[in-house]
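Hi everyone, thanks for coming. Have a look at the model on the screen, and I'll walk you through some parts of it.

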Amino acid sequence: MRRVVRMAIGMAETDNDDLINIIEEENEEGVEIPNTLPMLPVRDVVIFTDMLLPLFIGRDKSVKAVEDAVEQHRFIFLAAQKDPVIETPKEDEIYRVGTVAKILRMLKLPDGRMKTLVQGVCKARVLEYVKKKSYFTVEIEVIEEKPVETINIEVEALMRNIREQSEKILALRGEMTGDIGIILESIKDPGKLADIVASNLKLKVEDAQVLLEILDPTERLQKVNGFLSKELELSAVQAKIQSDVRDEISKTQRDYYLREQVRAIHKELGERDEKSEEIAEYTKKVSKAKLPKEAGLEAKRQIKRLGQMHADSSEASIIRTYLDWLVELPWSKFSKDVYNIKAAKAQLDKDHYGLEKVKDRILEYLSVRKLNPKMKGPILCFVGPPGVGKTSLGKAIAKAIKRKFVRISLGGIRDEAEIRGHRRTYIGALPGRVIQGLKQCETNNPVFMMDEIDKIGSDYRGDPSSALLEALDPEQNSEFSDHYLNLNFDLSKVMFILTANITDTIPTALLDRMEIINISGYTYDEKRDIVNTYLLPRQIKENGLQKKMVDISQEAITLIINEYTSEAGVRNLERELGSICRKIARKIAEGEKRVVLVTPDNLHKYLGSPKYQPEMDQDVSQVGLSTGLAWTHAGGEVLYVEASNLPGKGELIMTGQLGEVMQESARAAMTYTRANLKNFGLHHNAMEQVDSHIHVPAGAIPKDGPSAGIAMATALISSVTGIAVNKDVAMTGEITLRGRVLPIGGLKEKALGAMRAGIKTVIFPEKNVKDLDEIPENIKNCIKFVPVSHMNDVLSIALTEDVYRKATATKRKPAGKTVRKKKPVKVEKESRGSSRKQKK
């Protein structure tokens with residue numbers, strides 16, 4: 001049923017005079033209301049006394065109840081449902097207080113529904129449900145209201161207030177007429193006034209039911225007055241909102257009409273207005289940009305939309321920005337490649353020292369491109385420690401092949417929209433960093449460098465690394481889709497170069513699309529040549545000096561490399577050279593005219609005391625101290641491992657902030673040592689009353705990795721047997737419980753670290769022999785590389801004495817003496833002392 005709420009006059013579809021006649025005819029005195037009546041549950045309205053209301057009836061039970069009422073006496077009992085959603089309400093889901101109404105008109109509709117016009121007669125209460133099958137038939141009790149004997153000043157003021165508020169509400173709604181005012185003034189009974197006003201308020205069913213059940217007219221009038229005050233406030237706010245909207249619409253329409261008139265005037269005068277000029281300009285730009293077919297159609301569609309919009313609307317501004325991006329992107333602009341291989345090689349050699357593997361790969365690409373111009377661009381990834389020249393190498397490649405260079409940094413990016421762009425529905429939306437870079441360089445085939453690919457992140461805004469999969473896949477990037485453009489852009493001609501310090505944090509799917517080129521650190525000889533050829537001349541020029549003003553000896557350069565820097569690259573080395581040049585520039589600026597000579601003797605005046613000293617005193621070989629090799633983000637380094645024994649219960653103590661992998665290596669080394677005590681000439685219970693302590697110095701630095709096993713085992717065996725570890729030997733490799741040595745990674749970087757530390761011999765796993773090809777010849781000439789496959793081989797090289805020969809000699813002695821002799825295990829100081837005595 002649909003509720004239609006109007007004032008008493010004019011609320012039916014008949015004329016006012018006919019409606020008044022109906023009411024007079026149906027309210028003749030002497031009409032008797034039966035005690036048993038059909039019930040009609042109504043969904044969303046409460047009918048008050050004397051209320052005239054049309055009802056649309058659709059439920060079968062309700063239709064049957066109305067038909068029976070019309071056939072009998074035309075009276076029906078109307079009661080509101082507690083929940084209007086329920087299709088077939090039960091007795092406890094219908095209010096017991098309702099209104100007896102007279103059916104004045106009834107009309108059956110073609111769809112089976114029924115339209116009736118009813119008028120409330122009196123209030124009644126349900127006493128009992130007599131019939132429940134086809135429809136509810138109830139026994140009712142008519143409720144008599146308390147009459148108001150005298151209308152005092154308070155009631156009169158309340159009635160006047162209700163009339164005035166009702167007229168204000170109708171005036172705000174634009175429904176106020178003179179007839180309504182006359183009708184309100186003619187009602188003298190407080191109860192009837194409350195009912196007629198309440199019937200026209202948009203009250204909830206619960207509130208209207210409360211009013212219906214109030215029998216005291218004065219109390220009901222006060223309740224209606226409260227609802228009326230609230231409705232007046234709401235109507236006032238609603239009217240204000242509608243007025244503001246109407247004024248805004250009127251202003252917009254007025255401006256639009258004036259602009260159209262101005263446009264018509266310009267047209268008559270043969271002049272062009274700004275909007276037409278703008279549309280013509282965009283059309284010219286689109287034609288000049290040589291867009292692909294799909295992009296051209298989209299541009300024309302947006303230009304057409306712009307021409308139909310108000311020039312100052314927010315949507316027009318968005319379309320202008322979008323068109324600017326479309327016409328400024330290099331859809332068909334590209335740099336002409338230069339395929340002079342010899343000239344490209346000369347350019348690469350001029351800008352960078354060494355890095356032959358990288359240079360060969362670039363020259364191979366140019367050679368293939370020369371033979372096959374349709375070849376897709378490669379996806380190269382330079383992996384190496386900081387300062388080895390990964391970014392500057394990308395610039396050199398662009399210069400060598402005469403292409404534009406663009407660089408973006410991916411470090412810390414967590415939003416997918418940084419790569420794919422934002423959709424145009426967002427305020428301030430822009431394309432992703434890839435499309436922005438292409439617009440910046442104005443060609444569609446630049447050398448595009450993405451720095452710090454290993455430091456890209458992800459969070460609730462998406463995974464940028466997944467968005468890069470499409471851009472960095474040669475099979476897909478010919479149709480790269482940016483969310484802002486919503487068009488495909490061809491990235492197949494772009495030469496992507498990525499940089500990373502490590503590959504561990506790069507997702508596997510992304511790593512699979514790249515060609516990894518490892519750039520290890522530089523050797524001492526390479527750093528010296530780089531200083532003389534590149535770094536020192538550049539710093540002299542940047543600090544306003546001339547070559548003849550500065551003379552840095554080769555001995556001073558050697559000291560700077562060894563004691564003032566400790567890195568795989570040359571970044572800090574260049575900083576130190578810059579510091580020297582600045583101090584020299586100050587001297588010259590103060591009037592000193594002689595050539596400034598920098599030697600090892602006066603180097604401290606420019607750079608201060610040496611910053612890097614050996615981590616531990618390794619002047620002599622010591623018991624329980626081995627040298628391992630580690631690979632870090634800054635390149636290879638030596639890693640000292642200390643082992644010591646003390647009275648205890650056979651436990652293993654580990655310190656030095658060791659990670660889980662290194663702790664497992666230490667346990668494996670401990671197990672191997674205890675399992676082979678007999679082979680070392682010791683009793684198999686020799687370590688049961690001893691705690692072994694493994695410590696890796698620089699305890700403030702966390703350490704982890706799978707290549708310290710043999711170094712830990714060597715230190716443990718040295719501390720147990722009392723045999724010193726050769727100070728000139730460093731080792732790398734993982735150990736198993738059976739003593740096998742497993743392969744490792746980063747051998748070249750570790751070899752560079754060993755060379756910086758002055759190591760003479762490096763022990764490495766036999767399965768890493770293939771990696772020796774990557775190590776420069778000058779390192780091989782300085783360091784002896786010994787491959788091993790078992791811990792026996794490691795001990796025979798690393799220890800100053802042959803532990804197995806000593807064990808054999810021990811076995812020849814009487815058995816009792818062998819078991820009782822525990823000097824190497826008990827007192828470490830004596831072992832160290834004996835070692836020193838032997839050395840002396």
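Let's start with a salt bridge, meaning a side-chain nitrogen of Lys or Arg within 4 Å of a carboxyl oxygen of Asp or Glu. Lysine 345 and aspartate 349 make one with their side chains, at 3.1 Å from N to O. Both sit in helix H11 (residues 341-351), and because they are four residues apart there, about one helical turn separates them. When I say helix or strand, I mean DSSP runs numbered from the N terminus: H or I with at least four residues for helices, E with at least two for strands.

A quick word on where this comes from: it's a predicted model, where local features need pLDDT of at least 70 and side-chain atom pairs count only at pLDDT 80 or more, while totals for chains, interfaces and linings use all residues. Residues are numbered from 1 along each chain as its sequence is written, and side-chain values use heavy atoms, with hydrogens and water left out.

Back to our pair: are they buried or exposed, or something in between? Lysine 345 has 40% relative accessibility, so it counts as partly exposed, and aspartate 349, at 29%, counts as partly exposed too. The cut-offs are these: buried is under 20% relative accessible area, exposed is over 50%, and partly exposed lies in between, with a 1.4 Å probe and protein chains only.

Next pair: arginine 420 and glutamate 470, whose side chains form a salt bridge at 2.8 Å, N to O. This one links distant parts of the chain, with arginine 420 in helix H14 (residues 417-420) and glutamate 470 in helix H16 (residues 464-471), 50 residues apart. Arginine 420 is buried at 14% relative accessibility, and glutamate 470 is buried at 13%. And there's a network as well: salt bridges with shared partners join Lys345, Asp349 and Lys359.

How many salt bridges does the structure hold? There are 25. One more that I'd like to show you is between the side chains of arginine 43 and glutamate 87, at 2.9 Å, N to O. These two are 44 residues apart, with arginine 43 in the loop between strand E1 (36-42) and strand E2 (52-57), and glutamate 87 in the loop between strand E3 (75-80) and strand E4 (97-108). Arginine 43 is buried, at 16% relative accessible area, whereas glutamate 87 is partly exposed at 46%.

While we're on loops, find histidine 73, between helix H2 (60-72) and E3. Histidine 73 counts as partly exposed, at 22% relative accessibility. Its C-alpha atom is 8.7 Å from that of isoleucine 33, although the two are 40 residues apart along the chain.

Okay, on to the sheet. Strands of a sheet pair through backbone hydrogen bonds, either parallel or antiparallel. Here, five strands form an open sheet, in the order E8-E9-E12-E7-E13, with parallel pairing. The strands at the edges are E8 (405-409) and E13 (515-518), and each pairs on one side only. Two strands count as paired if DSSP finds at least two bridges between them.

Let's zoom in on E7 (residues 379-383), which is joined by five bridges to E12 (residues 495-500). In E12, isoleucine 497 is the bridge partner of leucine 380, and threonine 499 stands opposite phenylalanine 382. Towards E13, E7 has four bridges, and there leucine 380 stands opposite glutamate 515. Why call E7 largely enclosed by the rest of the structure? Because five of its five residues are buried. Ile379, Cys381 and Val383 point one way, while Leu380 and Phe382 point the other way.

Now compare helix H23 (residues 709-721). The expected span is 1.5 Å times one less than the number of residues, so the 13 residues of H23 should cover 18 Å, and the end C-alpha atoms are indeed 18 Å apart. H23 is mostly covered, with 13 of its 13 residues buried. Right after H23 comes glycine 722, with a positive phi near 80°.

One last stop. Valine 237 is in helix H7 (residues 217-269). Together with Ile241 and Val245, Val237 forms a nonpolar patch on the surface, with about 260 Å² of accessible area in total. Patches are made of residues with over 30% relative accessible area and no salt bridge, where like charges are joined within 9 Å and nonpolar side chains (Val, Leu, Ile, Met, Phe, Trp, Tyr) within 5 Å. The areas come from the Shrake-Rupley method with a 1.4 Å probe, and for residues only the protein chains shown count as cover.
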